[in-house]
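Visitor: Please take one part of this model and go through it closely, giving the criteria behind each term as you use it.

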Amino acid sequence: MRTILLCLLMLPTLPISCTAPSESERPHPTLSSSGITESTGNAASLKIIENSCPTGAQKIAPTPIDIQATSIPLWPEDKTDDLPTGIRFLGGWVLTSSHQGFGGLSGIDLLSDGSLLTVSDEGAFVWIDMSNDAPAGSGKFAYMRGTDGSYLRGKTDGDSEGLALDGGIAYVSFERRHRIEAFALEACGAEARSVLVSTLPREIDGTRIHENAGAEALALNKRTLQAGFEQVINGRSAVAISSVETSSIEMLDPVASGYGGPLVGMSDASPTASDDSQQVTFALRRQFNPLFGNRLTIEARYSDADGHALSANGQPLLKLSPPMNVDNFEGITAKLQSDGSYRLWLISDNNFSPRQRTLLYAFDITLP
(Lines give C-alpha, C1' and ligand atoms only; values in the text may rest on other atoms or scores of the structure.)
Protein backbone atom coordinates (compact mmCIF):
# COMPACT_ATOMS: atom_id res chain seq x y z
CA MET A 1 0.00 0.00 0.00
CA ARG A 2 1.41 3.37 -1.03
CA THR A 3 0.11 6.88 -0.46
CA ILE A 4 0.47 9.66 -3.04
CA LEU A 5 -0.52 13.21 -2.07
CA LEU A 6 -3.02 15.11 -4.21
CA CYS A 7 -3.39 18.87 -4.63
CA LEU A 8 -6.83 19.64 -3.17
CA LEU A 9 -8.47 22.24 -0.95
CA MET A 10 -10.60 20.63 1.73
CA LEU A 11 -14.07 21.11 3.15
CA PRO A 12 -15.71 18.83 5.70
CA THR A 13 -15.67 15.55 3.72
CA LEU A 14 -15.57 17.61 0.51
CA PRO A 15 -12.46 18.02 -1.69
CA ILE A 16 -12.28 20.93 -4.10
CA SER A 17 -9.81 20.70 -6.95
CA CYS A 18 -7.02 23.24 -7.02
CA THR A 19 -6.58 22.66 -10.76
CA ALA A 20 -9.08 24.49 -12.94
CA PRO A 21 -10.87 22.50 -15.66
CA SER A 22 -9.66 23.03 -19.23
CA GLU A 23 -11.43 25.61 -21.38
CA SER A 24 -13.22 22.86 -23.26
CA GLU A 25 -14.94 21.63 -20.10
CA ARG A 26 -18.21 22.90 -18.76
CA PRO A 27 -17.63 25.55 -16.03
CA HIS A 28 -18.94 24.68 -12.56
CA PRO A 29 -19.42 26.65 -9.37
CA THR A 30 -17.12 25.35 -6.68
CA LEU A 31 -17.45 25.54 -2.93
CA SER A 32 -15.35 28.12 -1.15
CA SER A 33 -13.49 26.91 1.95
CA SER A 34 -13.62 30.42 3.40
CA GLY A 35 -15.22 30.30 6.83
CA ILE A 36 -16.09 26.61 6.57
CA THR A 37 -14.51 24.37 9.18
CA GLU A 38 -15.29 20.99 10.63
CA SER A 39 -16.91 22.62 13.66
CA THR A 40 -19.58 24.34 11.51
CA GLY A 41 -21.05 20.95 10.72
CA ASN A 42 -23.72 21.56 8.11
CA ALA A 43 -22.09 24.51 6.32
CA ALA A 44 -20.78 22.45 3.41
CA SER A 45 -24.18 20.85 2.82
CA LEU A 46 -25.86 24.25 2.90
CA LYS A 47 -23.40 25.52 0.30
CA ILE A 48 -24.22 22.57 -1.96
CA ILE A 49 -27.96 23.21 -1.58
CA GLU A 50 -27.44 26.90 -2.33
CA ASN A 51 -25.60 26.12 -5.58
CA SER A 52 -27.64 23.08 -6.60
CA CYS A 53 -30.96 24.83 -5.98
CA PRO A 54 -30.43 28.43 -7.14
CA THR A 55 -32.79 31.22 -6.16
CA GLY A 56 -36.09 30.85 -7.95
CA ALA A 57 -35.68 27.15 -8.68
CA GLN A 58 -38.71 25.16 -7.64
CA LYS A 59 -38.65 21.56 -6.48
CA ILE A 60 -39.66 19.22 -9.30
CA ALA A 61 -40.69 15.64 -8.60
CA PRO A 62 -38.96 12.92 -10.65
CA THR A 63 -41.02 11.17 -13.31
CA PRO A 64 -42.89 8.07 -12.04
CA ILE A 65 -42.01 4.91 -13.97
CA ASP A 66 -42.94 1.24 -13.88
CA ILE A 67 -40.27 -1.27 -12.85
CA GLN A 68 -41.18 -4.92 -13.33
CA ALA A 69 -39.29 -7.37 -11.09
CA THR A 70 -39.02 -11.06 -11.95
CA SER A 71 -37.48 -13.31 -9.28
CA ILE A 72 -34.30 -15.12 -10.24
CA PRO A 73 -32.37 -17.70 -8.18
CA LEU A 74 -28.69 -17.33 -7.50
CA TRP A 75 -28.05 -20.85 -8.78
CA PRO A 76 -29.65 -22.80 -11.64
CA GLU A 77 -32.10 -25.47 -10.51
CA ASP A 78 -29.62 -28.31 -10.92
CA LYS A 79 -27.02 -26.66 -8.66
CA THR A 80 -26.71 -26.48 -4.89
CA ASP A 81 -26.87 -23.13 -3.13
CA ASP A 82 -23.45 -23.27 -1.50
CA LEU A 83 -22.22 -20.01 0.01
CA PRO A 84 -19.46 -19.32 2.54
CA THR A 85 -20.33 -19.44 6.23
CA GLY A 86 -22.03 -16.26 7.39
CA ILE A 87 -23.42 -15.30 3.98
CA ARG A 88 -27.07 -15.73 2.99
CA PHE A 89 -28.70 -14.97 -0.35
CA LEU A 90 -31.97 -13.12 0.33
CA GLY A 91 -33.28 -12.72 -3.19
CA GLY A 92 -32.62 -11.72 -6.75
CA TRP A 93 -34.69 -9.95 -9.39
CA VAL A 94 -34.46 -9.15 -13.09
CA LEU A 95 -35.61 -5.53 -13.46
CA THR A 96 -37.21 -4.14 -16.60
CA SER A 97 -39.23 -1.04 -17.42
CA SER A 98 -41.20 0.43 -20.29
CA HIS A 99 -39.32 3.71 -19.78
CA GLN A 100 -36.74 4.04 -22.55
CA GLY A 101 -34.15 5.59 -20.20
CA PHE A 102 -34.15 2.65 -17.77
CA GLY A 103 -30.87 0.70 -17.81
CA GLY A 104 -27.14 1.15 -17.47
CA LEU A 105 -27.37 1.20 -13.66
CA SER A 106 -23.85 1.54 -12.29
CA GLY A 107 -24.08 2.97 -8.75
CA ILE A 108 -26.51 2.29 -5.91
CA ASP A 109 -27.26 3.51 -2.41
CA LEU A 110 -29.98 3.08 0.19
CA LEU A 111 -32.50 5.82 0.96
CA SER A 112 -33.82 6.45 4.46
CA ASP A 113 -37.25 5.01 3.56
CA GLY A 114 -35.70 1.69 2.50
CA SER A 115 -35.96 2.37 -1.24
CA LEU A 116 -32.93 2.39 -3.51
CA LEU A 117 -31.39 5.19 -5.54
CA THR A 118 -29.24 4.31 -8.54
CA VAL A 119 -27.37 6.21 -11.24
CA SER A 120 -27.33 5.35 -14.92
CA ASP A 121 -24.23 5.78 -17.05
CA GLU A 122 -26.42 7.86 -19.35
CA GLY A 123 -26.52 10.65 -16.76
CA ALA A 124 -29.74 9.86 -14.88
CA PHE A 125 -31.03 9.09 -11.39
CA VAL A 126 -33.31 6.04 -11.09
CA TRP A 127 -35.27 5.41 -7.88
CA ILE A 128 -36.37 1.81 -7.19
CA ASP A 129 -39.32 1.61 -4.81
CA MET A 130 -39.07 -1.23 -2.30
CA SER A 131 -41.61 -3.06 -0.12
CA ASN A 132 -40.58 -5.65 2.47
CA ASP A 133 -37.04 -5.73 1.03
CA ALA A 134 -38.26 -6.48 -2.48
CA PRO A 135 -38.92 -4.29 -5.55
CA ALA A 136 -42.43 -2.83 -5.34
CA GLY A 137 -43.05 -2.57 -9.10
CA SER A 138 -42.53 1.16 -9.42
CA GLY A 139 -39.89 3.83 -9.31
CA LYS A 140 -38.92 7.29 -10.48
CA PHE A 141 -36.59 8.76 -13.08
CA ALA A 142 -34.78 12.06 -13.61
CA TYR A 143 -31.98 13.10 -15.94
CA MET A 144 -29.11 14.93 -14.25
CA ARG A 145 -28.78 18.65 -14.82
CA GLY A 146 -25.67 20.77 -15.27
CA THR A 147 -25.03 24.08 -13.56
CA ASP A 148 -27.14 26.01 -16.06
CA GLY A 149 -30.15 23.75 -15.59
CA SER A 150 -29.75 21.93 -18.91
CA TYR A 151 -29.42 18.16 -18.99
CA LEU A 152 -26.00 16.53 -19.05
CA ARG A 153 -25.60 15.29 -22.62
CA GLY A 154 -23.38 12.60 -24.07
CA LYS A 155 -20.78 10.39 -22.46
CA THR A 156 -18.28 13.20 -21.87
CA ASP A 157 -20.49 14.95 -19.32
CA GLY A 158 -23.04 12.28 -18.41
CA ASP A 159 -21.11 9.04 -17.79
CA SER A 160 -22.13 8.74 -14.12
CA GLU A 161 -20.79 5.65 -12.37
CA GLY A 162 -20.52 5.81 -8.56
CA LEU A 163 -23.05 7.04 -6.00
CA ALA A 164 -22.89 7.95 -2.31
CA LEU A 165 -25.70 9.57 -0.33
CA ASP A 166 -25.33 11.95 2.58
CA GLY A 167 -28.76 12.90 3.83
CA GLY A 168 -30.55 14.51 0.91
CA ILE A 169 -27.40 15.10 -1.14
CA ALA A 170 -26.25 12.66 -3.82
CA TYR A 171 -22.53 12.55 -4.63
CA VAL A 172 -21.83 11.11 -8.07
CA SER A 173 -18.53 10.13 -9.67
CA PHE A 174 -18.10 10.46 -13.44
CA GLU A 175 -15.80 8.92 -16.02
CA ARG A 176 -14.57 10.50 -19.28
CA ARG A 177 -14.23 13.88 -17.55
CA HIS A 178 -13.08 12.45 -14.23
CA ARG A 179 -14.81 14.26 -11.38
CA ILE A 180 -17.24 14.09 -8.46
CA GLU A 181 -20.36 16.25 -8.41
CA ALA A 182 -23.12 16.80 -5.85
CA PHE A 183 -26.89 17.12 -6.38
CA ALA A 184 -29.29 18.37 -3.69
CA LEU A 185 -32.04 15.89 -4.55
CA GLU A 186 -34.03 16.27 -1.34
CA ALA A 187 -34.13 20.06 -1.60
CA CYS A 188 -35.14 20.44 -5.25
CA GLY A 189 -35.69 16.98 -6.69
CA ALA A 190 -35.31 16.64 -10.46
CA GLU A 191 -34.41 20.35 -10.66
CA ALA A 192 -31.16 19.78 -8.73
CA ARG A 193 -28.13 21.13 -10.59
CA SER A 194 -24.62 19.77 -10.41
CA VAL A 195 -22.06 21.28 -8.04
CA LEU A 196 -18.44 20.36 -8.63
CA VAL A 197 -16.94 18.68 -5.58
CA SER A 198 -13.66 17.38 -6.96
CA THR A 199 -11.76 17.13 -10.22
CA LEU A 200 -10.13 13.70 -10.09
CA PRO A 201 -6.63 12.99 -11.43
CA ARG A 202 -6.12 11.84 -15.00
CA GLU A 203 -2.77 10.30 -14.16
CA ILE A 204 -1.81 8.18 -11.15
CA ASP A 205 1.61 6.79 -10.37
CA GLY A 206 2.80 7.74 -13.86
CA THR A 207 -0.09 5.93 -15.55
CA ARG A 208 -2.66 7.73 -17.64
CA ILE A 209 -6.23 6.88 -16.56
CA HIS A 210 -8.28 5.68 -19.51
CA GLU A 211 -11.41 7.72 -20.07
CA ASN A 212 -13.58 4.65 -19.44
CA ALA A 213 -11.66 3.38 -16.41
CA GLY A 214 -12.04 6.21 -13.91
CA ALA A 215 -13.89 6.41 -10.60
CA GLU A 216 -16.45 3.64 -11.00
CA ALA A 217 -16.70 3.33 -7.21
CA LEU A 218 -17.67 5.95 -4.64
CA ALA A 219 -18.11 5.72 -0.88
CA LEU A 220 -18.69 8.23 1.90
CA ASN A 221 -18.22 7.87 5.63
CA LYS A 222 -18.40 10.44 8.42
CA ARG A 223 -15.09 12.08 7.56
CA THR A 224 -13.96 11.05 4.10
CA LEU A 225 -15.05 10.73 0.51
CA GLN A 226 -13.45 7.79 -1.30
CA ALA A 227 -13.35 7.39 -5.09
CA GLY A 228 -12.16 4.02 -6.39
CA PHE A 229 -10.71 3.78 -9.90
CA GLU A 230 -11.54 0.91 -12.23
CA GLN A 231 -8.13 0.97 -13.88
CA VAL A 232 -5.64 -1.48 -12.39
CA ILE A 233 -2.15 0.02 -12.00
CA ASN A 234 0.70 -2.46 -11.54
CA GLY A 235 -1.73 -4.95 -10.03
CA ARG A 236 -3.19 -2.41 -7.59
CA SER A 237 -6.33 -0.33 -7.35
CA ALA A 238 -6.20 3.41 -6.72
CA VAL A 239 -8.59 5.03 -4.23
CA ALA A 240 -8.64 8.81 -3.86
CA ILE A 241 -9.37 9.61 -0.20
CA SER A 242 -10.29 13.12 0.92
CA SER A 243 -10.87 14.40 4.44
CA VAL A 244 -11.03 17.84 6.00
CA GLU A 245 -7.29 17.80 6.75
CA THR A 246 -5.66 15.87 3.91
CA SER A 247 -6.16 14.25 0.56
CA SER A 248 -4.28 11.28 -0.83
CA ILE A 249 -4.39 8.28 -3.11
CA GLU A 250 -3.92 4.82 -1.65
CA MET A 251 -2.88 1.90 -3.83
CA LEU A 252 -4.70 -1.20 -2.64
CA ASP A 253 -3.39 -4.73 -3.11
CA PRO A 254 -5.75 -7.63 -3.91
CA VAL A 255 -7.14 -9.15 -0.72
CA ALA A 256 -6.37 -12.76 -1.71
CA SER A 257 -5.59 -15.02 -4.64
CA GLY A 258 -8.53 -15.04 -7.01
CA TYR A 259 -9.92 -11.78 -5.62
CA GLY A 260 -8.23 -9.38 -8.02
CA GLY A 261 -9.68 -7.50 -10.95
CA PRO A 262 -10.89 -3.96 -11.56
CA LEU A 263 -12.62 -2.11 -8.72
CA VAL A 264 -16.14 -1.16 -9.77
CA GLY A 265 -18.09 -0.57 -6.56
CA MET A 266 -17.60 0.52 -2.94
CA SER A 267 -19.82 1.16 0.06
CA ASP A 268 -18.98 2.35 3.56
CA ALA A 269 -21.18 0.90 6.26
CA SER A 270 -21.61 2.14 9.83
CA PRO A 271 -18.55 2.03 12.11
CA THR A 272 -17.54 -1.41 13.38
CA ALA A 273 -16.34 0.14 16.65
CA SER A 274 -18.42 2.33 18.92
CA ASP A 275 -15.68 4.95 19.09
CA ASP A 276 -15.54 5.26 15.27
CA SER A 277 -11.91 4.10 15.34
CA GLN A 278 -12.62 1.45 12.70
CA GLN A 279 -14.74 1.61 9.57
CA VAL A 280 -15.67 -1.19 7.21
CA THR A 281 -15.87 -0.71 3.45
CA PHE A 282 -17.30 -3.33 1.13
CA ALA A 283 -15.70 -3.40 -2.31
CA LEU A 284 -16.94 -5.04 -5.51
CA ARG A 285 -14.54 -6.20 -8.23
CA ARG A 286 -15.44 -7.46 -11.67
CA GLN A 287 -13.58 -9.42 -14.32
CA PHE A 288 -14.96 -10.32 -17.74
CA ASN A 289 -13.79 -12.96 -20.15
CA PRO A 290 -15.74 -13.89 -23.30
CA LEU A 291 -15.17 -17.57 -22.53
CA PHE A 292 -16.06 -17.56 -18.81
CA GLY A 293 -18.33 -14.52 -18.63
CA ASN A 294 -18.53 -12.18 -15.63
CA ARG A 295 -16.73 -13.07 -12.42
CA LEU A 296 -17.37 -10.90 -9.37
CA THR A 297 -15.77 -10.76 -5.94
CA ILE A 298 -16.77 -8.96 -2.76
CA GLU A 299 -14.25 -7.99 -0.11
CA ALA A 300 -14.27 -6.12 3.20
CA ARG A 301 -11.59 -3.60 4.08
CA TYR A 302 -11.06 -1.98 7.45
CA SER A 303 -9.92 1.61 7.83
CA ASP A 304 -9.50 4.24 10.50
CA ALA A 305 -11.99 7.07 10.96
CA ASP A 306 -10.27 9.06 8.21
CA GLY A 307 -10.69 6.28 5.65
CA HIS A 308 -7.07 5.12 5.54
CA ALA A 309 -6.58 1.36 5.41
CA LEU A 310 -5.49 -0.31 8.63
CA SER A 311 -3.64 -2.94 6.59
CA ALA A 312 -2.67 -3.54 2.98
CA ASN A 313 -4.94 -6.58 2.78
CA GLY A 314 -8.66 -6.85 3.30
CA GLN A 315 -10.96 -9.79 3.94
CA PRO A 316 -12.23 -11.94 1.03
CA LEU A 317 -15.95 -12.62 1.40
CA LEU A 318 -17.69 -13.95 -1.68
CA LYS A 319 -17.16 -15.00 -5.31
CA LEU A 320 -19.94 -14.79 -7.88
CA SER A 321 -19.35 -16.50 -11.21
CA PRO A 322 -21.02 -18.95 -13.63
CA PRO A 323 -22.85 -21.28 -13.26
CA MET A 324 -24.40 -18.76 -10.85
CA ASN A 325 -26.79 -16.33 -12.48
CA VAL A 326 -24.51 -13.31 -12.77
CA ASP A 327 -24.19 -10.30 -15.02
CA ASN A 328 -22.26 -7.04 -15.24
CA PHE A 329 -22.56 -6.02 -11.56
CA GLU A 330 -21.09 -2.57 -10.94
CA GLY A 331 -22.90 -1.17 -7.90
CA ILE A 332 -22.90 -2.17 -4.23
CA THR A 333 -24.33 -0.66 -1.06
CA ALA A 334 -24.28 -1.92 2.51
CA LYS A 335 -26.19 -1.23 5.71
CA LEU A 336 -25.35 -2.33 9.24
CA GLN A 337 -28.33 -4.12 10.80
CA SER A 338 -29.42 -4.33 14.42
CA ASP A 339 -28.03 -7.85 14.83
CA GLY A 340 -24.56 -6.78 13.69
CA SER A 341 -24.83 -8.29 10.21
CA TYR A 342 -24.71 -6.28 6.99
CA ARG A 343 -27.35 -6.12 4.26
CA LEU A 344 -25.69 -5.84 0.84
CA TRP A 345 -27.44 -4.80 -2.36
CA LEU A 346 -25.85 -5.35 -5.79
CA ILE A 347 -27.00 -3.86 -9.11
CA SER A 348 -25.84 -4.75 -12.62
CA ASP A 349 -25.32 -2.53 -15.65
CA ASN A 350 -27.01 -3.98 -18.74
CA ASN A 351 -25.28 -1.46 -21.05
CA PHE A 352 -28.70 -1.02 -22.71
CA SER A 353 -27.98 -4.31 -24.50
CA PRO A 354 -30.62 -7.03 -25.11
CA ARG A 355 -27.90 -9.58 -24.33
CA GLN A 356 -27.52 -8.33 -20.75
CA ARG A 357 -29.84 -7.90 -17.78
CA THR A 358 -30.41 -5.46 -14.95
CA LEU A 359 -30.08 -7.70 -11.88
CA LEU A 360 -30.73 -6.67 -8.28
CA TYR A 361 -29.34 -9.02 -5.61
CA ALA A 362 -29.56 -8.91 -1.82
CA PHE A 363 -27.24 -10.70 0.64
CA ASP A 364 -26.89 -10.75 4.40
CA ILE A 365 -23.28 -11.04 5.55
CA THR A 366 -22.00 -11.62 9.07
CA LEU A 367 -18.34 -10.71 9.39
CA PRO A 368 -16.17 -12.96 11.60
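Guide: A polar contact is a pair of N or O atoms within 3.5 Å, where, within protein, one atom must be able to donate a hydrogen and the other to accept it, and where residues adjacent in sequence count only if both atoms are side-chain atoms. The model is predicted, so local features need pLDDT of at least 70 and side-chain atom pairs count only at pLDDT 80 or more, while totals for chains, interfaces and linings use all residues. Residues are numbered from 1 along each chain as its sequence is written, and side-chain values use heavy atoms, with hydrogens and water left out.

The part to look at is the loop between strand 24 (315-320) and strand 25, where N325 is found; strands here are DSSP runs of E with at least two residues, numbered from the N terminus. The side chain of N325 reaches the backbone oxygen of P73 at 2.7 Å. Leaving aside residues up to four places away in sequence, N325 touches I72, P73, L74, W75, P76, R357, L359 and Y361, contact being heavy atoms within 4.5 Å. N325 counts as buried because its relative accessibility is 18%, the class being under 20% relative accessible area, with exposed over 50% and partly exposed in between, for a 1.4 Å probe and protein chains only.

Strand 25 itself belongs to an open sheet of five strands in the order 5-6-27-26-25, with antiparallel pairing, and two strands pair if DSSP finds at least two bridges between them. Strand 5 (68-71) and strand 25 (329-336) stand at the edges with a single partner strand each, so one side of each has no neighbour in the sheet. From one strand to the next the twist averages 25 degrees, taken from lines fitted to C-alpha atoms, with angles from 0 to 180 degrees between N-to-C directions. At the other edge, four bridges pair strand 5 with strand 6 (residues 87-96) in the antiparallel sense, and A69 is set opposite L95 of strand 6.

Strand 25 also supplies at least two residues to the lining of the second largest cavity, as do strand 7 (105-110), strand 11 (160-166), strand 17 (215-220) and strand 21 (263-268). A cavity is a set of points on a 1 Å grid over the protein atoms alone where a 1.4 Å probe fits but cannot get out, and lining residues have an atom within 4 Å of a point. This second largest cavity holds about 50 Å³ of space, and of its 15 lining residues, G107, G162, L163, L218 and M266 are the closest to its centre.

How values were computed:
1 Å grid on protein atoms, 1.4 Å probe; cavity = no way out; pocket = protein on both sides within 12 Å on 5 of 7 lines; lining within 4 Å. Points joined across faces, edges and corners; volume = space filled by probe spheres on them.
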